[in-house]
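Here are my notes on the model you sent, set out as numbered points. Please read them with the structure open beside you.

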Amino acid sequence: MKNAKRNAVITLLIIALAVAGVIYMVINGVGAEKTGRAEDIPLGLDLQGGVSVTYQIEDKNPDDAAISATKEKLQARVDSYSTDGSVYLEGNNRIAIEIPVDTSKYDANKILDELGRAGVLEFLDPENYAKADANGDGVIDDTAVSGVTYQPALTGADIKNAQAGVSNEQGNKQYIVQLTFTDEGSKKFADVTGANIGNPVYIIYDGKVQSAPRVNEAITGGSAEINNIGGYDEASSLANTIKIGALPLTLTEVRSQVVGATLGSEALSSSLKAGLIGLCLIFVIMIIVFRFPGFVASIALCIYTLLELFFLNSLHISLTLPGIAGILLSIGMAVDANVIIFTRIKEELADGKTVKTAIKNGFNKAFSAIFDGNITTIIAGVVLLAMGSGTVKGFAKTLILGIILSMFTALVVTRLLINAFCDLGVTNKALYGQAKKPKVVKYTKAFKFTGPVSIAVIALGLIFLIVNKNIGSRGSALNFSLEFSGGTSTAVTFDKAYTQEEAEKDIVPAIQEAAAIKSNIQIQIVDNSNQVIFKSEELNESQRKAVAEAMEEKFGVKDGAIECENISSTISHEMQRDAILAVVISSILILIYIAFRFDDVRFGASAVLALIHDVFVTFMIYSVAYLSVGGTFIACMLTIVGYSINATIIIFDRIRENLKEMSIEKDGVDAIVNTSISQTLSRNIYSTLTTFVTVLMLNILGVASLKEFTLTLMVGLVCGMYSSIFITGPLWMTLKKHFGSKEEKVKKASSKKKNA
């Protein structure tokens with residue numbers, strides 16, 4: 001006994017020291033690079049603000065060297081705006097760029113314009129300039145010269161360095177770019193200037209004349225300057241682009257997004273507040289329902305939160321808005337694991353076991369359900385990670401990390417803590433509670449009512465697909481977001497709230513005039529905010545810039561209050577295809593896993609049928625309410641798949657256990673299923689409640705862009721609880737009765753013969 005108490009004290013001290021260490025690392029970090037510091041967790045663009053763009057490589061079969069060189073040059077351009085920017089290859093033929101930057105200080109559309117520039121610099125003598133500028137408009141355009149070729153004296157490859165500066169010749173302040181040539185470039189420049197004394201040498205950048213200085217003498221010093229530049233920022237930008245040089249590959253923008261820094265900081269603040277309130281409510285619920293074990297679980301959840309913060313930084317996982325939703329959802333999964341364990345402990349105590357034995361048995365019996373449930377959710381997360389894009393990947397990363405940490409804290413930390421307290425004398429059964437023997441309700445009989453109701457709800461969603469297509473203001477079966485339809489979405493936060501009619505009357509004409517478009521613009525008024533979202537045909541950089549200027553001039557909207565996203569139709573079709581594949585692949589993998597784990601394909605089949613039910617019921621909300629269908633829709637659906645499967649596995653785990661303790665021949669399949677559902681009912685309610693609370697807080701306090709996402713998750717959570725009680729078990733029972741194995745059919749026939 002003394003040894004047990006001593007070991008318990010040591011365990012608690014080690015945990016306390018470990019927690020103190022994690023707290024220190026989360027606050028101060030580790031090592032020179034401050035690894036693990038929460039303050040340095042990388043934030044996604046939707047939380048920090050900035051610019052992201054994806055380019056399609058137009059060159060056919062580009063080699064690795066050309067791709068690598070293009071990435072390096074783009075990275076150099078990105079570094080001129082932010083050292084935290086990143087350039088990475090997406091697939092085999094796309095390059096993605098993310099630049100966290102304060103868009104109130106930088107012109108986001110100008111950044112997008114400068115990033116993708118080819119950056120062609122040429123020096124032309126008068127003869128070649130005349131050939132190149134056949135139209136005499138000062139623009140070098142291949143289509144305008146009718147095939148006439150010209151030969152530049154120098155190109156960007158001959159430039160060694162480019163530096164912005166200020167010239168004060170004769171008291172006139174001018175902004176310039178000072179050029180330094182390579183050895184070969186110096187010789188070329190000496191030759192062209194020596195041959196054109198008294199004539200201009202034209203300095204062409206991206207087809208336009210930047211400067212045309214007249215040559216007074218041969219210049220052999222290896223340098224020159226571009227003058228008559230509008231300002232220092234312009235000179236600096238030009239110098240950076242020239243220094244980086246022309247891009248080896250031809251790029252076309254297929255997707256871009258601009259997020260205001262103000263909107264990002266507000267999103268982070270409100271989301272963190274929602275998470276904190278949700279966590280506190282979970283603590284209250286757990287302590288009220290499970291008493292002392294609930295208090296222990298609250299400590300474990302605090303440790304979980306600290307570990308989450310540490311690993312987000314140390315693994316360099318960028319935190320996004322959907323990522324925060326993923327964390328909150330994984331907190332719900334962590335609570336679910338504790339609920340399963342504590343419910344088992346209460347059952348063991350009700351059977352007369354001692355507290356120590358009840359704790360041991362509770363953890364052992366709960367393990368398989370926790371393990372299988374979390375693995376199926378991880379499967380959905382991995383599919384999202386592999387096939388999703390942008391913020392969906394952020395959601396998947398935080399969800400997977402959160403589930404792994406939740407399993408660790410529930411199965412290891414909670415177990416160590418509760419065993420240590422037990423060894424120290426916290427063994428009063430009143431502190432743990434005892435489960436009352438559940439009243440077995442005949443849930444399977446309700447299937448003849450719940451089945452048709454579910455079919456009717458699903459049918460309603462399908463009917464509204466037709467209704468939506470025939471409603472003039474909608475015109476399409478589903479409200480496809482930009483990701484699935486292509487085009488440009490401009491979200492503007494005004495200083496006052498606008499109605500749909502006011503936006504159509506006052507704002508839409510201003511956008512159409514600024515962007516010079518006549519096509520219809522869809523309007524979405526965001527509830528409980530001053531934000532209005534305008535969806536239009538695809539706009540280029542200059543059009544987007546013109547719209548931003550119009551919003552500022554006519555409505556007083558600053559750049560920081562404008563979010564812009566641009567997606568080409570090509571990439572939107574690919575995303576639709578990948579979304580369908582993600583759901584199909586995820587369902588197949590889950591079916592295979594459950595069939596393997598339960599050694600019965602009927603478990604897997606009924607589980608997939610139940611999750612398809614949950615997905616279609618949730619889909620009904622999108623159809624009837626005409627919610628936006630895009631990347632977060634897929635993330636939401638696959639999360640519901642994972643959570644639904646988790647609830648289903650709890651039922652199946654109990655059915656598998658009761659199949660060993662009850663007899664099908666004696667008790668009947670119906671009794672086994674009804675008993676299993678009754679035994680797990682409280683778990684279903686409490687788990688759904690705690691997860692629902694965290695998502696509800698994010699819906700109430702979170703930003704507009706998460707409203708639809710969290711609303712759908714809440715519907716999915718309730719639907720998952722409903723289906724695990726009224727759909728899953730009865731489906732398995734039906735398959736068990738009508739699609740039994742040969743061995744089961746022989747036993748059934750033998751039993752009937754014996755009874756006869």
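**Notes on the predicted model**

1. Within this predicted model, the count of salt bridges comes to 17. I take some of these pairs one by one below, and then turn to helix packing, backbone and overall architecture.

2. One salt bridge is formed by Asp 336 and Arg 683, whose closest N and O atoms are 2.5 Å apart. The two residues belong to distant parts of the chain, since Asp 336 sits in helix 10 (residues 321-350) and Arg 683 in helix 21, with their positions 347 residues apart in the numbering. Both Asp 336 and Arg 683 are buried, each therefore having under 20% relative accessible area.

3. A second pair to inspect is Arg 654 with Glu 347, where the side chains meet in a salt bridge at 3.4 Å from N to O. Because Arg 654 lies in helix 19 (residues 631-661) and Glu 347 in helix 10, this salt bridge ties together parts of the chain that are 307 residues apart in sequence. Here too both partners, Arg 654 and Glu 347, are buried.

4. The side chains of Asp 670 and Lys 737 also meet in a salt bridge, with an N to O distance of 2.9 Å. This pair links helix 21, which holds Asp 670, to helix 23 (residues 728-738), which holds Lys 737, and the two residues are 67 apart along the chain. As for accessibility, Asp 670 is partly exposed, with a relative accessible area of 28%, and Lys 737 likewise counts as partly exposed, at 38%. Salt bridges that share partners also join Arg 344, Glu 347, Asp 372, Asp 653, Arg 654, Arg 656 and Glu 657 into one network.

5. How do helix 21 and helix 22 pack against each other? Helix 21 (residues 669-701) and helix 22 (residues 707-726) make an angle of about 175 degrees, and their axes are 9 Å apart. Helix 21 is therefore roughly antiparallel to helix 22, as angles over 145 degrees are classed in that way. Among the residues that meet are Ile 677, Leu 681, Ile 685, Phe 692 and Val 695 from helix 21, and Leu 711, Met 714, Leu 717, Val 718 and Met 721 from helix 22. By class, the residues of this contact between helix 21 and helix 22 divide into 15 nonpolar, six polar and one charged.

6. Helix 15 (residues 500-515) and helix 16 (residues 541-555) pack with their axes 8 Å apart and at an angle of about 140 degrees, so that helix 15 is oblique to helix 16. The crossing of helix 15 past helix 16 is right-handed. On the helix 15 side, the contact is made by Asp 506, Ile 507, Ala 510, Ile 511, Glu 513, Ala 514 and Ala 515, which meet Gln 543, Ala 546, Val 547, Ala 550, Met 551, Lys 554 and Phe 555 in helix 16. The contact of helix 15 with helix 16 has ten nonpolar residues, one polar residue and three charged residues.

7. Two backbone positions deserve a look, given that most residues other than glycine have a negative phi. Asn 61 has a positive phi, near 50 degrees, and is found in the loop between strand 1 (50-57) and helix 3 (64-79). Asn 61 is exposed, with a relative accessible area of 77%. Ala 516 also has a positive phi, near 55 degrees, and lies in the loop between helix 15 and strand 14 (522-525). With a relative accessible area of 66%, Ala 516 is exposed.

8. Is helix 4 mostly covered or mostly exposed? Helix 4 (residues 108-115) is mostly covered, with six of its eight residues buried. The buried residues are Ala 108, Asn 109, Ile 111, Leu 112, Glu 114 and Leu 115.

9. For the protein as a whole, the secondary structure comes to 24 helices and 17 strands, and the C-alpha trace spans about 115 × 70 × 55 Å along its principal axes. Of the 756 residues, 51% count as buried. Among contacts between residues at least 6 apart in sequence, 77% join residues that are at least 24 apart.

Methods
Residues numbered from 1 in each chain as written. Predicted model: local features only at pLDDT ≥ 70, side-chain atom pairs only at ≥ 80, totals over all residues. Heavy atoms only, no water. Axes fitted to C-alpha atoms, helices over the stretch in contact; angles between N-to-C directions. Helix = DSSP H or I, 4+ residues; strand = E, 2+ residues; numbered from the N terminus. Parallel < 35°, antiparallel > 145°, perpendicular 65-115°, else oblique. Contact = heavy atoms within 4.5 Å. Nonpolar A, V, L, I, M, F, W, Y, C, P; charged D, E, K, R; others polar. Buried < 20%, exposed > 50% of the residue type's maximum accessible area, 1.4 Å probe, protein only. Salt bridge = Lys/Arg side-chain N within 4 Å of Asp/Glu carboxyl O. Left-handed = near helix turned anticlockwise from the far one by under 90°.
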